[in-house]
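Here are a few exercises to work through with the model open beside you. Try each task before reading its solution.

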Amino acid sequence: MMYLKGAGVRWVALAGVLAAVEALGAAPAPVAAPIKPQIRPTRIYRTAVLRFDYLRDGTAPSLALIRDAIFTNPKSMARYYQAASFGSLDIQGEVFDIPPPAPLFGTGWTACWPATDEAPLNAAIAAGVPLRNYQQVVYVVHRPAGIPNCAGGVSSLGPMTFNLSIGPITLSVARLGVPFYLAGDFSQTTQSTLAHELGHSLGVTFHANSYMCNDGQFLSQNFTSCTHYAYGDLFQVMGLRTQMSLFSSPIAERLGWLPQSAIIQGQSMGTYRLYAYGDPIPASGTSARALKIMLPTPVPFRTVTGETPEVSELYFEFRRNVGFDYRLQRNIALAGGGNFTVPDTDGVIITGVVQGTTPGSYYTLLLPVQTIPNVAYGQNSASNPYLRMGQSIVIPLNGMRIEVVGIQTAATPHWIDVRISRP
Ligand SMILES: [Zn+2]
């Protein structure tokens, strides 16, 4: 498989910038975070939730419960997406009960979901749902528990056009087939499954991976000491989301959610101040939520299938235990019994961006600075990935050192200072 490397000329120029700044001997003075946040219009995302109660056994989630969980509860899907999109996206809509279309539970796909989308969408039209008023449809399918090989959720990758009884309609479709709980801890509800599916509907075509090296080297070039996990980013909704829930900054940037004023372009030596990622961006002042470094020399890694694509950008976030990132506890089960408890979340997590095979496509990798040995479930080794106060990494092939040189958590606003230097 071919992976695009992008414009080498630009990287050469970037390398020149880095060298020039270093030659000037620039002292690592704290850099004032940008700048004036851009005012972005809030996009209203009209969503029709269609309940298909195939069982009719009296145990389907009520329309009121579904409405609360998706639109109105303080931990609803709508509130989650308001936070995750930095106020860019507002999910609004209604919940409808739709008589389920036949045929029902057959084999394979049709045991899990309506066999086609046309049948349930036409059933919704017949029930009076004004589908043309919506951009998103969510099926909540009440079906028997324990059907083999049924995913909790499935969705379209962006909008699709369906030829329906009233003509062609373009919609994104997410299907939710698991029991539907009211919001508690966000991570412990099946709403995180719906949040994940809506992420696909909104255009994220991949699952967030992780890449862990256990030889003490960040992004080690000794591939045998590293493990690539599909789906292994525990810190965002497009991965396993066991540790935190928001979308990581490279995805939020590409979805148009994270304003450019909130992204520091770390293209020269210096010290950069990041504010807590999960805190709302204020109308003025302290807005920086991510530090982005385009690597002069992309760094190869090895995938689970043995390919060696390259990490071309790194993003740094100060992720804290706040808002939808909050978790009550962070105990990680160990293989020999007992738990590892993640000590605190006062550090920076690092996400790599890998260019995809088609123009503009990409995917992301959580890149832990350290890993937890002997975990019962391999992906959870990345549960403690933080670069903490006083710690540093060196980016292979690029001769750049990244170090956390300051932190404030006892007073607001919470921030962390990250220094880029030459070792
Ligand atoms: Zn998925």
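**Exercise 1. A hairpin**

Task: How many residues lie between E6 and E7 in the hairpin that they form?

Solution: Strands E6 and E7 make a hairpin, with two residues between them. Next, look at how the strands pair: E6 covers residues 160–164 and E7 covers residues 167–176, and the two run antiparallel, joined over five bridges. One of the bridges links Leu164 to Gly167 in E7. Keep in mind throughout that this is a predicted model.

**Exercise 2. The sides of a helix**

Task: Which residues of helix H2 are buried, and which exposed residues does the face turned away from its buried side carry?

Solution: Start with the buried set. Within H2, residues 63–72, the buried residues include Ile66, Ala69 and Ile70. These three lie on the same side of H2, because they cover an arc of only 85° around the axis. Now turn to the face pointing away from that buried side: there you find the exposed residues Ala64 and Thr72. Finally, ask what the buried residues pack against. Their partners are strand E2 (43–53), helix H3 (77–84), strand E3 (89–98), strand E4 (136–142) and helix H6 (191–201).

**Exercise 3. Two residues in one loop**

Task: Are Gly232 and Arg241 buried or exposed?

Solution: First, place them. Arg241 sits in the loop between strand E9 (226–229) and helix H7 (249–254), and Gly232 is also found in the loop between E9 and H7. Then count neighbours against the cut-off of 20 or more other C-beta atoms within 10 Å. Gly232 has 24, so it is buried. Arg241 has 21, so it is buried too.

Now look for partners remote in sequence. Gly232 and Gln379 are 147 residues apart along the chain, yet their C-alpha atoms are separated by 5.5 Å. Beyond its neighbours within four places in sequence, Gly232 contacts Asn209, Ser210, Gly239, Leu240, Leu366, Gln379 and Ala382. For Arg241, take His196: the two are 45 residues apart along the chain, with 9.2 Å between their C-alpha atoms.

**Exercise 4. The whole chain**

Task: What percentage of the 423 residues in the protein chain do buried residues make up?

Solution: Begin with the inventory, which is seven helices and 21 strands. Of the 423 residues in the chain, 41% are buried. To finish, consider the contacts with a separation of 6 or more: 68% of them are between residues 24 or more positions apart.

Conventions: Residues numbered from 1 in each chain as written. Predicted model: local features only at pLDDT ≥ 70, side-chain atom pairs only at ≥ 80, totals over all residues. Helix = DSSP H or I, 4+ residues; strand = E, 2+ residues; numbered from the N terminus. Buried ≥ 20, exposed ≤ 12 C-beta atoms within 10 Å, placed from the backbone. Contact = placed C-beta atoms within 7 Å. Arc of directions from axis to C-beta. Pairing = 2+ DSSP bridges.
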